[in-house]
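Got your viewer open? Keep the selection tool handy, and we'll walk through this one stop at a time.

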Amino acid sequence: MAVVKRIFSGVQPTGNLHLGNYLGAIRNWVALQNRDEYETIFCIVDLHALTQQPEPEALRSAIRATAAAFVAAGVDPTKSVVFAQSTVPGHAELSWLFSCLTPLGWLNRMTQFKEKAGKHRDNAVLGLYAYPVLMAADILLYRATHVPVGEDQKQHLELARDIAGSFNQRYGVDFFPLPEPQILGAATRVMSLRDGTKKMSKSDESDYSRLNMSDDADTIALKIRKAKTDMDALPDHIDLLEARPEARNLLNIYAALTSRPLEEAVAEMAGKQFSDLKRVLTDAAVSLLGPFTAEYNRIMADPAQIDAFLRLGTDRAQAIAAENLAAVQDITGLLRVR
Ligand code: TYM
């Protein structure tokens, strides 16, 4: 079957991947990669990670670790294009071109910037503010049509659509597609194990708030044992979860790990205690993460092999990017005399 859709997505190399990254995004990538009608491009967004000023050595090893985690999770670097953002210079160039079309008012609405900048907005770096513009460039450099992400990226994708539309309108072309978010599965928003109202996140200072993809069985069991609960038995209907964020989160994770709709997980656990849920949840998490960790460690033992598949990904990404960027240069009136 001919390729009809081009998928692009990315993850920041900021240390360990957690279960939210996997259930919200990477697991869906693997499913999409294995369907003939999709061409899939997965990127380690190292330029985005620089907004947090990581130590150079830590960044370097996190880029390789993230690449290894993609592959351990089932991304096949011969089927999908897997590469590091900074190795294709067009991302930064297109980001600049988009910066010249993006009104500040659009960026001022971005909730993630407000959260990350906090009270000290004047001290926040320009890169953090411009972050969603670079993200739009990532997607549109490949004229991707679909973007599988967790729910927290929805607003950024709306901005990417607005930027694509604004470029097309300004230059009177129909060049960029309006990329569609694919927010799929039972766990589009995995919450912290310590607070069911907060997103599971790499930046939470408590490691007990998240299940890292590289946690061993004992650590997983301990973190789930310590996960926050409430006093009541588990409800028998999904509507009752509204007021019970911890129950909702653990049931959501359980449903996602066992690849079932939330309703089924709720029905199985109705009337039972949190301790019962924690037991089956631990088993489900260990059986997912155990093989992942073994595979991850195997891949990490051979950094030259990681670099080799990243190089292959860069070549394939660069070929698409160069063609699109040349077209954009023509459209915008930049000379291509080199
Ligand atoms: P990042 O690195 O924060 O997260 C990577 C992916 O994981 C998803 N995710 C979650 N899903 C469910 N529950 C959670 N608790 C959770 N936490 C994270 C995110 O939604 C994301 O899909 N800006 C992006 C990276 C990026 C990108 C792009 C994504 C840069 N350019 C272009 C798509 C297309 C980010 O920081 O993701």
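Here is a tour that begins at the ligand and then visits some residues in helices and loops.

Before you click, know that this is a predicted model, where local features need pLDDT of at least 70, side-chain atom pairs count only at pLDDT 80 or more, and totals for chains, interfaces and linings use all residues. Residues are numbered from 1 along each chain as its sequence is written, and side-chain values use heavy atoms, with hydrogens and water left out.

**Stop 1: the ligand**

Select the ligand and show what surrounds it. Which residues come nearest to the ligand? Of the 28 residues around it, the answer is Tyr131, Asp138, Gly150, Asp152 and Val190. A residue belongs to this group if one of its heavy atoms lies within 4 Å of the ligand.

Now colour that shell by class: you'll get 12 nonpolar, 11 polar and 5 charged residues. For this count, Ala, Val, Leu, Ile, Met, Phe, Trp, Tyr, Cys and Pro are nonpolar, Asp, Glu, Lys and Arg are charged, and the others, Gly among them, are polar.

Switch to cartoon view next. Strand 1 (5-11), helix 1 (19-33) and helix 7 (126-140) each give at least two residues to the shell. Helices (H or I, at least four residues) and strands (E, at least two) are DSSP runs, numbered from the N terminus.

**Stop 2: polar contacts with the ligand**

Show Tyr131, Asp138 and Asp152 as sticks. We're looking for polar contacts, meaning pairs of N or O atoms within 3.5 Å; within protein, one must be able to donate a hydrogen and the other to accept it, and residues adjacent in sequence count only if both atoms are side-chain atoms.

- Tyr131: a polar side-chain atom is 2.6 Å from a ligand oxygen.
- Asp138: a polar side-chain atom is 2.7 Å from a ligand nitrogen.
- Asp152: a polar side-chain atom is 2.4 Å from a ligand oxygen.

How much of the ligand's accessible area does the protein cover? It covers 96% of the 710 Å² that the ligand has on its own, with areas from the Shrake-Rupley method and a 1.4 Å probe; for residues, only the protein chains shown count as cover.

**Stop 3: His48**

Keep Tyr131 on screen and add His48, which you'll find in helix 2 (residues 46-49). A polar atom of the His48 side chain is 3.1 Å from the backbone oxygen of Tyr131. Is His48 buried or exposed? His48 counts as buried because its relative accessibility is 2%. Buried means under 20% relative accessible area, exposed over 50%, and partly exposed in between (1.4 Å probe, protein chains only).

**Stop 4: Thr188 and Gly24**

Jump to Thr188, in the loop between strand 5 (180-182) and helix 9 (217-226). With a relative accessible area of 17%, Thr188 is buried. Now select Gly24 as well: these two are 164 residues apart along the chain, yet their C-alpha atoms are separated by 4.6 Å.

**Stop 5: the loop between helix 4 and helix 5**

Select Thr102, in the loop between helix 4 (90-99) and helix 5 (104-108). Its side chain has a polar atom 2.7 Å from the backbone oxygen of Phe98. Thr102 is buried, at 10% relative accessible area. Cys100 sits in that loop too, but Cys100 counts as exposed because its relative accessibility is 52%. For a long jump, add Ile306: Cys100 and Ile306 are 206 residues apart in sequence and 36 Å apart in space, C-alpha to C-alpha.

**Stop 6: two positive phi angles**

Most residues other than glycine have a negative phi. With that in mind, pick Arg143, in the loop between helix 7 and strand 4 (146-148). Arg143 is not a glycine, but its phi is positive, about 45°. It counts as partly exposed, at 31% relative accessibility.

Then go to Ser259, between helix 10 (245-257) and helix 11 (262-269). Ser259 isn't a glycine either, and its phi is about 55°. Ser259 is exposed, with a relative accessible area of 59%.

**Stop 7: two helix residues**

Finish in the helices. Ala67 is in helix 3 (residues 56-72) and counts as buried because its relative accessibility is 0%. Asp162, in helix 8 (residues 154-171), counts as partly exposed at 37% relative accessibility. Draw a line from Asp162 to Leu178, 16 residues apart along the chain, and you get 7.9 Å between their C-alpha atoms.
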